[in-house]
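Here is a quick tour of a model, written for someone who likes ring geometry and global descriptors. Have a look at the structure first, then read on.

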Amino acid sequence: MLEGQVAVLSAGYLSSKEALSVLDGLKNSALFREDQYSYILYPNKDLPKFMEKNTIPEKVVSNSTLLQSLVKADNTRIVEQDVNGDFHFNGNFRNANDLKAALEQLKKGEYKALVEKEEKTLLQAFEKVFNHKAFTGR
């Protein structure tokens, strides 16, 4: 965000009055840090905590025979149900590759047919829950 303001200020395109208006606006924005009397590139965001973000929509669970079977069998390799009845992916998963590895392990047993049927849907649900593609590192 800050790059745009710096670019327009340094381009010499604005009049002195317009430049002062931009600077005043910046100082009153979320980009200004009073404690450092300086600017940051992007405003700080209040990001959800892991357990707030790691909640599988009820519709995904109700449409998944595999997830329902795992919950019923108390198999927490992929999914867990908390005391409030909400469902969460295994908290040890760092990314979709961890989910894929867990699904591969399940293919070696009684859940093989269900995994093969639902793997793509579960990977899509995982990405939707965590939205990794939108993470910019900021």
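How many aromatic pairs does a search of the whole structure find? The count comes to six. Keep in mind that this is a predicted model. Two of the pairs are spelled out below.

| Aromatic pair | Centre to centre | Angle between the planes | Class |
|---|---|---|---|
| F32 and Y37 | 5.2 Å | 85 degrees | edge-to-face |
| F89 and F130 | 6.5 Å | 45 degrees | tilted |

Why give both a distance and an angle? A pair of aromatic rings is described by the distance of the centres and the angle of the planes.

Take F32 and Y37, the edge-to-face pair. Is F32 buried or exposed? F32 counts as buried because its relative accessibility is 12%, and the cut-off for buried is under 20%. Y37 has a relative accessible area of 55%, so Y37 is exposed, the threshold there being over 50%.

Now for F89 and F130, the tilted pair. Where do these two rings sit along the chain? F89 belongs to strand β4, which covers residues 87-89, while F130 belongs to helix α7, covering residues 112-130. They are 41 residues apart, and the pair links distant parts of the chain. Both F89 and F130 are buried. There is also a wider group here: ring pairs join F89 and F130 with F93 and F126 in a cluster.

Zooming out, what does the protein chain have in the way of secondary structure? It has seven helices and four strands. Reading from the N terminus, the order is α-α-β-β-α-α-α-β-β-α-α.

On overall dimensions, the radius of gyration of the protein chain is 23 Å, whereas a compact globule of 138 residues would come in near 14 Å. Along the principal axes, the C-alpha atoms fill a box of roughly 75 × 30 × 25 Å.

As for packing, 25% of the 138 residues in the protein chain are buried. If you look at contacts between residues at least 6 apart in sequence, 51% of them join residues at least 24 apart.

The surface and the charges round things off. The accessible surface of the protein chain is about 9800 Å², with carbon and sulfur atoms holding 51% of that. The chain carries 19 positive and 19 negative charges, and the mean positions of the two sets are 5 Å apart.

Definitions and conventions: Residues numbered from 1 in each chain as written. Predicted model: local features only at pLDDT ≥ 70, side-chain atom pairs only at ≥ 80, totals over all residues. Heavy atoms only, no water. Rg over C-alpha atoms; globule rule 2.2 N^0.38 Å. Buried < 20%, exposed > 50% of the residue type's maximum accessible area, 1.4 Å probe, protein only. Contact = heavy atoms within 4.5 Å. Areas by Shrake-Rupley, 256 points an atom, 1.4 Å probe, with all protein chains shown as cover. Lys, Arg positive; Asp, Glu negative; His and termini not counted. Charge placed at Lys NZ, Arg CZ, Asp CG, Glu CD. Phe/Tyr/Trp six-rings, centres within 6.5 Å; stacked < 30°, edge-to-face > 60°.
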